[in-house]
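This report concerns a single model, presented below together with its sequence. Please keep both in view while reading the sections that follow.

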Amino acid sequence: MKLASLESGLESGRDGRLVVVSNDLAWYADASHICPTLQAALDDWDNIAPQLEVLARDLEHETIPMQRFHEHQAVAPLPRAFQWADGSAYVNHVELVRKARGAEMPETFWTDPLMYQGGSDDMRGARSDIILADEAWGCDMEAEIIVVTGDVPQGVTADEARGYVRLVGLVNDVSLRNLIPGELAKGFGFVQSKPASAFSPVFVTPDALGDFWQDGKLHRTLEVDLNGAPFGRAVASDDCTFDFGVLIAHLAKTRNIGAGSIIGSGTVSNRDSDGGPGKPVSEGGLGYSCIAEVRMVEKIQTGDFKTGFLKYDDVVRIDAKDDNGHSIFGAIEQTVKPLPTQ
């Protein structure tokens with residue numbers, strides 16, 4: 001089952017209007033007679049999900065009223081989430097980025113995930129612009145996998161936690177790299193260096209992913225393009241140190257997790273076949289899911305950073321496709337734009 005949110009057009013509609021989307025992302029059926037918003041569905045998942053599944057089957061059989069689904073009209077599936085916590089499933093990425101700013105990586109990072117809590121009150125749609133007030137801040141994309149949970153009790157194991165995954169999707173977790181060192185030096189984490197994130201038009205239930213979803217991991221290639229050229233083709237299930245069961249259990253160690261919480265994988269990152277940090281797609285490698293990684297590789301190989309961070313009018317596209325080349329979640333496609341003048 002694939003779910004999305006459209007603008008409701010109502011004063012009270014800041015959380016979008018829930019729709020069920022066809023498997024080919026071509027059509028949608030309004031679900032407001034079952035549940036008004038995705039958050040409301042997650043709050044009562046055991047009762048609401050079976051009704052939405054029936055609607056999804058009727059949509060596939062074309063036995064109900066349906067309308068064309070346009071990805072650019074979708075808002076974030078959860079425009080306001082109760083929680084957004086981003087983890088560090090791909091420790092290769094963490095190691096490279098820390099090297100880029102001259103920070104040693106403790107050995108415990110390979111056994112205990114990193115996680116930060118980001119802003120969840122302004123989740124952006126897949127076609128929203130990346131609003132950047134100053135190019136000098138070092139704007140970077142971070143292509144990731146996300147899951148949305150149901151209510152998770154404190155103290156769950158990783159095996160138990162996988163059963164609380166309700167939905168899977170993609171995110172561009174934008175980072176302002178040149179603001180990060182100063183914030184982290186204060187010893188209190190990210191705030192200004194993590195602006196609004198953008199999410200795939202559609203979130204998908206694990207059962208609808210079939211074999212693409214196994215052991216708490218998405219077994220697909222994450223396609224990242226920059227200005228129309230392939231930038232990253234990392235395989236999301238490879239070099240994944242911590243699956244989503246581990247990340248959820250980490251977050252739930254000392255507290256309950258509320259339904260509708262979004263948990264991110266961290267930037268998807270693969271090593272090269274020889275165990276090295278990876279090569280650009282143009283050189284036959286799998287590339288990178290963020291600019292910071294290619295800059296680190298450049299630093300290692302040449303002693304200097306060569307690739308610049310995002311500039312105004314740059315276009316970032318993030319997608320994952322099935323075996324037939326069809327988009328699974330819809331694509332995130334964003335253009336970097338300056339902050340509008342008041």
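The sections below treat two helices, a hairpin, a cavity and a pocket in turn.

## Status of the model

The structure is a predicted model. Every value reported here is therefore to be read as computed from predicted coordinates.

## Helix 7

Helix 7 spans residues 244-251 and is mostly covered, with 6 of its 8 residues buried. The buried positions are Phe244, Gly245, Leu247, Ile248, Ala249 and Leu251. In an α-helix there are 3.6 residues a turn, so residues three or four places apart point the same way.

At the start of helix 7, a polar approach involves the residue aspartate 243: one of its side-chain oxygens comes to within 2.6 Å of the backbone nitrogen of glycine 245.

## The largest cavity

The structure contains 1 cavity of 30 Å³ or more. The space in the largest cavity amounts to about 60 Å³. Its lining consists of Ala89, Tyr90, Ile145, Lys217, Leu218, Ala236, Cys240, Phe242, Asp243, Phe244, Leu247 and Ser265. Two or more of these residues come from each of two elements, strand 16 (217-218) and helix 7.

Sorted by class, the lining of the largest cavity comprises 9 nonpolar, 1 polar and 2 charged residues. Phe244 and Leu247 belong to this lining, and both are also among the buried residues of helix 7. Asp243 lines the cavity as well, and aspartate 243 is the residue whose side-chain oxygen reaches glycine 245.

## The second largest pocket

The second largest pocket holds about 260 Å³ of space. Its lining is made up of 20 residues, and those nearest its centre are Glu7, Ala74, Val75, Ala76 and Gly125. By class, this lining divides into 7 nonpolar, 8 polar and 5 charged residues.

## The hairpin of strands 17 and 18

Strand 17 (residues 221-226) and strand 18 (residues 229-235) run antiparallel and are joined by 6 bridges. One of the pairings places aspartate 225 opposite its bridge partner in strand 18, proline 230. The hairpin has 2 residues between the strands, and asparagine 227 adopts a positive phi near 55°.

## Helix 8

Helix 8 (residues 291-302) has 12 residues and extends 16 Å from its first C-alpha to its last, close to the 16 Å expected at 1.5 Å a residue. Its buried residues are Ile291, Ala292, Glu293, Val294, Arg295, Met296, Val297 and Glu298. Glycine 303 follows helix 8 and has a positive phi, near 85°.

Methods. Residues are numbered from 1 along each chain as its sequence is written. This is a predicted model: local features need pLDDT of at least 70, side-chain atom pairs count only at pLDDT 80 or more; totals for chains, interfaces and linings use all residues. Side-chain values use heavy atoms; hydrogens and water are left out. Buried means under 20% relative accessible area, exposed over 50%, partly exposed in between (1.4 Å probe, protein chains only). Helices (H or I, at least four residues) and strands (E, at least two) are DSSP runs, numbered from the N terminus. A polar contact is a pair of N or O atoms within 3.5 Å; within protein, one must be able to donate a hydrogen and the other to accept it, and residues adjacent in sequence count only if both atoms are side-chain atoms. On a 1 Å grid over the protein atoms alone, a cavity is a set of points where a 1.4 Å probe fits but cannot get out, and a pocket is an open set with protein on both sides within 12 Å along at least five of seven lines; lining residues have an atom within 4 Å of a point. Grid points are joined across faces, edges and corners, and a volume is the space filled by probe spheres set on the points. Ala, Val, Leu, Ile, Met, Phe, Trp, Tyr, Cys and Pro count as nonpolar, Asp, Glu, Lys and Arg as charged, and the others, Gly among them, as polar. Two strands pair if DSSP finds at least two bridges between them. The expected span of a helix is 1.5 Å times one less than its number of residues.
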